[in-house]
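Let's take a walk through this complex, starting from a small detail and working outwards. Keep the structure open beside you as we go.

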Amino acid sequence: MGVMKIIRKYINIVLFCSVGMLLFNACTKYVDKEPLDAFSDLDYWNSEDNVKTFAWGFYNDLIIGFGSGTNGNFYFTSFNDDQADPTFQQFPKNVPASDGNWSFGDIRKANLMISRVKGMDLDEATKNHWVGIARFFRAWSYFRLVKRFGDVPWYSQVPDISQDSLIYKARDSRDLVMDSVLSDLDFAIAHLRSKGEADPNTVNKDVALALKSRICLFAGTWAEYNQQDDSRAIRFLKESKKASDQIMQAGYILSDNYKDVYSSYDLSGNTEVILYKHYEEGVLTHSTVGYTNATTEFKGLTKSAIESYVCTDGLPIKLSSKYKGDDDIHDLRANRDERLLHTVDNFYCYLGHLRGGGMKSSTGFRPTKFLPDVTPAASHGDTIEAGDTNTIPYNYTDAPVFWLAETLENYAEACAELDKLGAYKITQNDVDESVNLLRERANVADLELDGNQGTAVNGTPFVDPDKDPDVTSLIWEIRRDRRVELMMDGFRLADLLRWHKLEYMDPQKNPDAFLGAKVTPNDDITLNGDGYIEVYPDHPDRPVGAKYYLWPIPSGQIALYPDGVLKQNPGW
Amino acid sequence: MNAEDDEYINFYAERKDMLDPSKPELNLATGDQLVGSGHTHAAYAGFFGRINYGYKDKYLLELNGRYDGSSAYSPEKRWALFTSGSVGYRISSEPFMDFIKPLFTDLKLRASLGTIGNLNVGGQYFIPTMSSYSADWVVGGVTVNTFHNPIAVAKSLSWEKVNTLDFGLDFGLLKNYISGSFDWYQRTTKGMLSTNKVAATFGANAPRTNQGNMQDRGFEVEVQMNYPVNDDLKLFAILSFNNNKAVITKWNNQAEVIDDYYSGAVYGDIWGFETDGYFQSDDEVANSPSQSKLETGNFTYGPGDVKFKDLNGDGVIDGGTSTADDHGDLTVIGNTQPHYLYGFQFGGNWKGFDLYVFLQGVGKRDFWGLGDMVIPMYSGAQILYKHQLDYWTKDNRHAKYPRPYAGNSGGTIGGIDAGGNNFYPQSKYLMNLAYCRLKNLTIGYSLPDHIVDHLHLQNVRIYVSGQNLTEIDNVGVPLDPEITDGQLGYTGRTFPFQRNYSFGVQVTF
């Protein structure tokens, strides 16, 4: 009996333990809960469609176009000598605590996508296309960083949180980063699907060429004017020229009208456009039209910008017999480069002289190039109706992202700079196939080469009396054409940086940057002695220091690093 | 053992442009139709055992052990053992304590020590989930769907454990007319789950990991009184009071930047400058420590602007490197956590009348508010609120607010809350959220029994009641001291605090 009792007890314990184990196993499964309504990195990467879906995030982050509020790449980018913001804009005074531009989210995204796509079961060409897409956007992200901050840490892998030495590494030199950017772009160009193979209006080989043309022009001229490194300049300018040339051979044709790329509801049929951002009524809209068609004071074009447009004979206003002066806007617009006529309206509006239901411009000039076809003529009406698709924020014209005109300007400039550096001999054909196509479209006489870096029109050499003595006449005229072609398109500040010409924004050196139109006086505005609008009547100064060529690294980031690892930019 | 699982499914459908708002039906609307859904689940399970022992109701002992598993943790780290125990000693039952009997009816000492795991940490932070969003890119007439980067995860993620040590005392006084308790506790959270600051080069928000430990010490007192004066009059009162202070004892923040926790940081501390009045003249600006490092945009400090104290005496106002070792002229100016919380309830019954009063309050609490309501022209050239009209001019040199300047949201000093130019976080414009509120006042009258019986009812009571009737506070801006949130992070941009008045008749059949 006693033995039985012990055995029974033993069995009970075994049973108890077994039940316990069973329960525990059941519970282990019980608390295993996979996410139901979200993918994870572990189960997402299983089809090309998923990769494509993931890649749209880059389009969201990096292709701003007309933006959605006041963040557009056009018109709102007024911190330069072309536009005068009604609120005086200054260079940053102090190192900010934080700066959203010091952001590596898209670089992480690109590195993640590269690593995941490589591990997928796709054919080699498909893999290379998507790796190319990721590298294209990595290049673009780094270009944005380098433009602003100079040296930045280069990442080609996704850091894990445990990798402190990788996360907190020092900045790499801008040269190293730009070399890596170039290699990303070359990979993309070699492996991206062609325009015909890729989905319509997505990143393809041509788009990568267009980005390369833009980035390498920046890197080349930066090296030339800010680093005095001619061999580096030549290398990048040649790469830019080569990429531009490939675009120019790819069958893109300038549209008939300068304004088309800026003011069309659908750019899909436009032969000039390489990539555009499509807007759709009620789905995705912007305000670029609205802000040039509203009672909010316009960031008007400056006297400096307006006077940079030549006359139809191809000559600067100080040389042209066709220039009728600027006593009124009809004289000002007479016989001028048609790009001016598309860019500013045929009336002045300013405080004390409101037009069209209350419109006013800081300088008197109303920007018009983003207004769709109904305007500017219709804009003379006296009222702006709320809810109108030409008002904030209901605009749905498409925004160009890469288009032929920019590439042509890049080409002309690269040729002229290479010629100046003795690395290439520019030909009349180079000019005819680039800026002269744009000048012809604008009804302006062709630019002709004259000897070494000289210029002529209709066989007569000329030099603009206002030419910057630091540059040759050819470079001056090509830069002028770039300025007017890409007026308010978001390029000007970057151009001044790479040319080392921020001084054009200094009112001591370029007073016209703070002046507007010559208008009839009234009590609400201040005119200077010659009768031009003074946008800033209290004469603020905007001295340009060497440090402004790079933005400061946010102090909040520096504080996170061990002492001295993340170095501040010079002068800040 | 116990086990619990939760599953949440939500689904919604909406259609815009109703034809008739009084008939809100999907098929009676004409506009765009939208649907959406969400589906999440979580589970935990635990095996536990408990031993209770009491000897003569004088010595009390309890021991607990639990083995818990939660879906919040990765399979490798999922299960953990937690133990706790408590002892009690009813000292009033000891013969040698008889001398207190005339006063104390009951006196008991308690102590407990134990650890539990945090089962619900708000998600599964070990899984690199990817959530979808709609990109600003149109294909085929609609914006395309895309996915965020997977959230960063840390392999080391493990249980957040809370260890509590408590010493308590329960007492009953004067035939238990008065009773109460006192507790002193120390709660140590080990392996707190949080995200730390990581350099932007990481490219993502830092993963949730066990960042460090926090030690929270405090006390709680509650005293209750119930006293029937006679058959007609009964009185009661409850007084409660507590306070605590939490200190970070360990944190993964080597640089000890002050916008994250660091070892020695007090939970809720607000960093900022000490305000030293206004600059009254250009001379004063020129002869004071330079504040030029604080200027943003077109702003330049001049007469009528805020002057800060040069706490480290180096002639320059700045935030050093915004670290615990080098914080320039920054200092701790307040704490966001409520301190000295109290409640006082009292009332009574007298011949059918009843009264209930509830006062509630916080003794000390500070807050740095953001937005145009608390900081004049915070986001830009906004209209001034009435309370902001008392600003500095040459004829109003001791105004509440400085010379107006539009655009004060961004500053140049890392590690502190938003605000710039004249409105860096600072002592002068700190919101004071201490208050005493009349939370509830109720007066009722129950009809006498003979009338109620006559009506064949059990009870009829008429009452008036009010909630949040009034308060004593000095917030500094016209906001309720309990409102700290708001849309876009703009303090106060939310529904106002409500006062409720009610009147009612209660009838029991």
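Right after helix α13(A) comes A:G422, a residue with a positive phi, near 75°. Keep in mind that this is a predicted model, so that phi value, like everything else here, is computed from predicted coordinates.

Now step back into the helix itself. α13(A) runs over residues 404-420, and its 17 residues should span 24 Å at 1.5 Å a residue; the end C-alpha atoms are indeed 24 Å apart, so the expected and modelled lengths agree. This helix is mostly covered, with 17 of its 17 residues buried.

Another helix of chain A makes a useful companion. α6(A), residues 174-191, has 18 residues and should span 26 Å, while its end C-alpha atoms are 25 Å apart, which agrees with the expectation. Which residues of α6(A) are buried? They are A:R174, A:V177, A:M178, A:V181, A:D184, A:L185, A:A188, A:I189 and A:H191. The cover over these buried residues includes α4 (124-149) and α7 (205-226) of chain A.

Zoom out to chain A as a whole. It has 18 helices and 12 strands, and its C-alpha trace spans about 130 × 55 × 50 Å along the principal axes. Of its 572 residues, 48% count as buried. If you take the contacts in chain A with a separation of 6 or more, 68% of them are between residues 24 or more positions apart.

How far can you lean on the coordinates of chain A? Its mean pLDDT is 92, and 93% of its residues reach 70 or more. One stretch to watch is residues 375-382 of chain A, where the pLDDT is below 50; in the model this stretch has 14 contacts beyond near neighbours in sequence. Where pLDDT is low, the predicted coordinates should not be read in detail.

Over to chain B. How many helices and strands does it have? There are 2 helices and 23 strands. Its C-alpha atoms fill a box of roughly 75 × 70 × 65 Å along the principal axes. The radius of gyration of chain B is 30 Å, whereas a compact globule of 509 residues would have one near 23 Å. Buried residues make up 27% of chain B. Among contacts in chain B with a separation of 6 or more, residues 24 or more positions apart account for 63%. As for confidence, the mean pLDDT of chain B is 91, and 100% of its residues reach 70 or more.

For one spot in chain B, look at B:Q382, which sits in the loop between β19 (366-367) and β20 (431-432). Is B:Q382 buried or exposed? It has 15 C-beta neighbours inside 10 Å, so it counts as partly exposed; a residue needs 20 or more to be buried, and 12 or fewer to be exposed. Leaving aside neighbours within four places in sequence, B:Q382 is in contact with B:D372 and B:M377. To get a feel for distances in this chain, find B:D57: its C-alpha atom is separated from that of B:Q382 by 69 Å, and the two residues are 325 apart along the chain.

Next, bring the two chains together. The predictor gives the complex an ipTM of 0.90 and a pTM of 0.85. In the model, 61 residues of chain B are in contact with 55 residues of chain A. On the chain B side, the elements giving two or more residues are β2 (33-55), β3 (59-70), β6 (129-130), β7 (132-139) and β8 (142-147). β2(B) gives the most, with 8 residues. Sorted by class, this side of chain B has 28 nonpolar, 28 polar and 5 charged residues.

The contact between the chains also includes strand pairing. Strand β1 (residues 39-40) of chain A pairs with β6(B) in the antiparallel sense, over 2 bridges, and the bridge partner of A:F39 in β6(B) is B:M130.

Finish at the strands β7(B) and β8(B), which run antiparallel and are joined by 5 bridges. In this pairing, B:V138 stands opposite B:T143 of β8(B). The two strands form a hairpin with 2 residues between them, where B:G140 takes a positive phi near 60°.

Key
Residues numbered from 1 in each chain as written. Chains lettered and ligands numbered in written order. Predicted model: local features only at pLDDT ≥ 70, side-chain atom pairs only at ≥ 80, totals over all residues. Helix = DSSP H or I, 4+ residues; strand = E, 2+ residues; numbered from the N terminus. Rg over C-alpha atoms; globule rule 2.2 N^0.38 Å. Contact = placed C-beta atoms within 7 Å. Nonpolar A, V, L, I, M, F, W, Y, C, P; charged D, E, K, R; others polar. Pairing = 2+ DSSP bridges. pLDDT = per-residue confidence, 0-100. Expected span 1.5 Å × (residues − 1).
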